[in-house]
Amino acid sequence: MNHRDTDSTAPNSASEARRADADVEEIARLLPPPAPRGLPHEQYLHHKERLMRSIDHDQAQAQAHADRTGGARPARRLLRPALLVPVSALALGGILATGVALTTGDDAPATAATGRHEARNMRPAAALLDRISDAAGRGDALRVRDDQFAYTRSKVGGADLSSGKAVVGPLRDTESWVSQEPGPLRKLGLTRTAGETLPINAELGDTHGTPAGLGRPTYHWLSTLPTDPDKLLDYLYAKVPKSDEAERDQAVFDCIGGLLGGVTPPETAAALYRAAARIPGVTKVPTAKDVTGRTGVGIARDDTTFGARTEWVFDARDLTFLGSRSYLVKDTEYGKAGTLMSAEAVLDFAVVDKAGQAPDTARQS
């Protein structure tokens, strides 16, 4: 047997790795591009874990069938991803089944979108965000230990797009506990929805765990962000995951929204609001309601690519963050203008000592 014959029959780990990469590339090519608007974090985690259980169940059934019939096992199997990429409400039906991650842009230069610095003088929106920033900056800084958990209780709603049309479901009570350890961690915390408690797993590709950062913003990590609004915005434009189809300004606006409403250092929260005022297209909503019906004032931005608006709602008296929602602003294939796509109302947040522990229990212990 010559050398060529030996090479053709011996295990070749490099070839297997190339085939695995090809599988991932093919999946990415077939899937629709993700939209920039993400589901509320707890809603996404709930859908993600249900999907992961379904994948495990299907793989177990296929394996059992092969064992019973003596059939050949597939040469390559899609492995259970540790975590799906954040899912857009506008593409929920199409991309929940993927484990393809977007680039984080860690090596990208801190370049700004054209015209965003000119947006800093956006009259009503900038004035309101300045007031919100001042109010947030007056909050009390917390002492958060690495062994504690950030607790959030919220009501979450959204649309099911599996039928090709937006079918808005009922509101769900959701609780989450996110570890404050710097990591990297493989288990990031817990989420509880409709009485079902599920683990929050590490992000896709983080085989050794996910460290604190933009994808897992701990209180301490948030406190290390620049408090100068321009520097903070440069950082976010460089680090927020990129998508060819997504509006860059909208992606950064949504990222800021995802960092609001929970356990956040006052100086960081104040800087985030002032950074948001510098994003083009941000507008003031004189009267806005969260998904529970609480009325306040709002800050919004329209995503022209997908015909949807994202709104942040604040209490009109003390300007505290109440929640966010996304809804269609024009008729699309998913539904009529005004159709709710995703929403979250923050009802309570605190720092607790154990995952699964409610704030009242923590205070009594």
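**Surface and overall make-up**

I looked up the accessible surface of the protein chain and found about 18,700 Å² exposed, of which carbon and sulfur atoms supply 52%. I note that the model is a predicted one.

I then turned to burial across the protein chain: buried residues make up 43% of its 365 residues. For secondary structure, I recorded 10 helices and 10 strands in the protein chain.

I also checked how the contacts are distributed along the sequence. Of the contacts in the protein chain with a separation of 6 or more, 63% are between residues 24 or more positions apart.

**Tyr235**

I located Tyr235 in helix α7, which spans residues 229-239. Is Tyr235 buried or exposed, or does it lie between the two? Its relative accessibility is 25%, so I entered Tyr235 as partly exposed, given that this class lies between the 20% and 50% limits.

I next asked which residues Tyr235 touches, leaving aside those up to four places away in sequence. I found Trp221 and Leu225. For the pair Tyr235 and Leu225, which are 10 residues apart along the chain, I noted a C-alpha separation of 8.6 Å.

**Asp249**

I placed Asp249 in helix α8, residues 248-258. I entered Asp249 as buried because its relative accessible area is 13%, and the class requires a value under 20%.

With which side chain does the side chain of Asp249 make a polar contact? I found the partner to be the side chain of Tyr237, at 2.5 Å.

Conventions
Residues numbered from 1 in each chain as written. Predicted model: local features only at pLDDT ≥ 70, side-chain atom pairs only at ≥ 80, totals over all residues. Heavy atoms only, no water. Helix = DSSP H or I, 4+ residues; strand = E, 2+ residues; numbered from the N terminus. Buried < 20%, exposed > 50% of the residue type's maximum accessible area, 1.4 Å probe, protein only. Polar contact = N/O pair within 3.5 Å; in protein donor to acceptor, adjacent residues only side chain to side chain. Contact = heavy atoms within 4.5 Å. Areas by Shrake-Rupley, 256 points an atom, 1.4 Å probe, with all protein chains shown as cover.
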